[in-house]
Structure formats: structure tokens, C-alpha cells
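Student: Could we go through this model together, one question at a time, with the reasoning spelled out before each answer?

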Amino acid sequence: LIFKVESNHLDQEKNKLFDKFYRGNVLETKRGLGLGLTICRMIIEAHGGKIWAENRPAGGAAFKFTLPL
């Protein structure tokens with residue numbers, strides 16, 4: 001199965017999105033600890049899946065993940 005979640009938020013540092021405590025542009029981020037996507041990655045990988053981010057043509061990002069059946 002492949003799942004996709006889209007966001008209008010644009011982050012230039014896609015390679016850091018899944019790092020612990022990474023919060024993107026701190027000036028625009030008012031809350032959060034920067035653990036959400038790290039936790040998602042850990043859960044998905046524990047179930048044999050994979051998660052990644054892609055740029056959307058209209059701007060923002062698309063987060064996709066797979067889970068085995």
C-alpha cells in the first residue's frame with residue numbers, strides 16, 4: 001500500500017525533515033518539538049515500510065509512505 005499526505009508548507013531542506021528535533025524555519029514555526037516525522041518514520045520502518053517527502057508542483061510537499069500487506 002502507498003499512502004500520501006500533502007502539505008502547502010514548503011521546506012527547502014527535505015533531507016532534514018525526518019531528523020529528530022528539526023523544526024524547519026523556526027521563525028515561522030510557533031510550536032512543536034520537531035519529533036512528529038521522526039516518530040512517523042520509526043513506526044513505519046518498524047512495520048517494514050518506507051517514508052519520504054517530495055515537492056509538489058503547485059508548491060508545498062507530499063509525504064508518502066508504504067506499508068507491506
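The exchange below concerns a predicted model and moves from the overall fold to single residues.

Student: In what pattern do the secondary structure elements follow one another along the protein chain?

Tutor: Since we are reading a predicted model, I would begin with the inventory, which comes to 1 helix and 3 strands. Taken in sequence order, these elements give the pattern β-α-β-β.

Student: How do E1 and E3 pair, and over how many bridges?

Tutor: Strand E1 covers residues 2-7, while strand E3 covers residues 61-66. One point of registry is Glu 6, whose bridge partner in E3 is Ala 62. The pairing of E1 with E3 is antiparallel and runs over 6 bridges.

Student: Which residue of E3 is the bridge partner of Ala 53?

Tutor: Strand E2 spans residues 50-55, and E2 pairs with E3 in the antiparallel sense over 6 bridges. Within E3, Ala 62 stands opposite Glu 54. For Ala 53, the bridge partner in E3 is Phe 63.

Student: Which residue in the hairpin of E2 and E3 takes a positive phi?

Tutor: The two strands of this hairpin pair in the antiparallel sense, and the hairpin has 5 residues between the strands. The positive phi, near 105°, belongs to Gly 59.

Student: Which element gives the largest share of the largest nonpolar core?

Tutor: The largest nonpolar core has 9 residues, namely Leu 17, Phe 18, Tyr 22, Ile 44, Ile 51, Ala 53, Ala 61, Phe 63 and Phe 65. Two elements, strand E2 and strand E3, give two or more residues to this core. The largest share, 3 residues, comes from E3.

Student: Which residues of E1 does Phe 63 contact, beyond its neighbours in sequence?

Tutor: Phe 63 is a member of the largest nonpolar core, and its contacts, leaving aside neighbours within four places in sequence, include Leu 17, Phe 18, Leu 37, Trp 52 and Ala 53. To pick out the remaining partners, recall that E1 runs over residues 2-7. The contacts of Phe 63 that fall in that range are Phe 3, Lys 4, Val 5 and Ser 7.

Student: Is Ile 44 buried or exposed, and with what relative accessible area?

Tutor: Ile 44 lies in helix H1 and, leaving aside neighbours within four places in sequence, is in contact with Gly 49, Lys 50, Ile 51, Phe 65, Thr 66 and Leu 67. With Leu 67, the separation is 23 residues in sequence and 7.0 Å in space, C-alpha to C-alpha. Because the cut-off for buried is under 20% relative accessible area, Ile 44 counts as buried, at 8%.

Student: What is the relative accessibility of Thr 38, and what is the value for Ile 39?

Tutor: Thr 38 lies in helix H1, residues 36-46, and Ile 39 also has its place in helix H1. Not counting residues up to four places away in sequence, Thr 38 touches Phe 18, Asp 19 and Lys 20, while Ile 39 has its C-alpha 8.5 Å from that of Phe 18, with their positions 21 residues apart in sequence. Thr 38 counts as buried, with a relative accessibility of 2%, whereas Ile 39 counts as partly exposed, at 44%.

Student: Which residues form the aromatic pair, and why does the pair tie together parts far apart in sequence?

Tutor: The count comes to 1 aromatic pair, and the pair is stacked, with 4.8 Å centre to centre and 15° between the planes. One member lies in strand E1 and the other in strand E3, so the pair ties together parts that are 62 residues apart in sequence. The residues are Phe 3 and Phe 65.

Student: Over which ring does the charged end of Lys 50 sit?

Tutor: Lys 50 falls within strand E2, residues 50-55. The charged end of Lys 50 is 5.6 Å from the centre of the ring concerned, which belongs to Trp 52.

Student: What share of the exposed area of the protein chain do carbon and sulfur atoms supply?

Tutor: Of the 69 residues of the protein chain, 23% count as buried. The area that the chain exposes is about 5300 Å², and the share supplied by carbon and sulfur atoms is 58%.

Terms used:
Residues are numbered from 1 along each chain as its sequence is written. This is a predicted model: local features need pLDDT of at least 70, side-chain atom pairs count only at pLDDT 80 or more; totals for chains, interfaces and linings use all residues. Side-chain values use heavy atoms; hydrogens and water are left out. A nonpolar core is a set of buried Ala, Val, Leu, Ile, Met, Phe, Trp, Tyr and Cys residues joined through side-chain atoms within 4.5 Å. Buried means under 20% relative accessible area, exposed over 50%, partly exposed in between (1.4 Å probe, protein chains only). Helices (H or I, at least four residues) and strands (E, at least two) are DSSP runs, numbered from the N terminus. Contact means heavy atoms within 4.5 Å. Accessible areas come from the Shrake-Rupley method with a 1.4 Å probe; for residues, only the protein chains shown count as cover. Rings of Phe, Tyr and Trp (its six-membered ring) pair if their centres lie within 6.5 Å; planes under 30 degrees apart count as stacked, over 60 as edge-to-face and the rest as tilted. A charge sits over a ring if NZ of Lys or CZ of Arg is within 6 Å of the ring centre and within 35 degrees of the ring normal. Two strands pair if DSSP finds at least two bridges between them.
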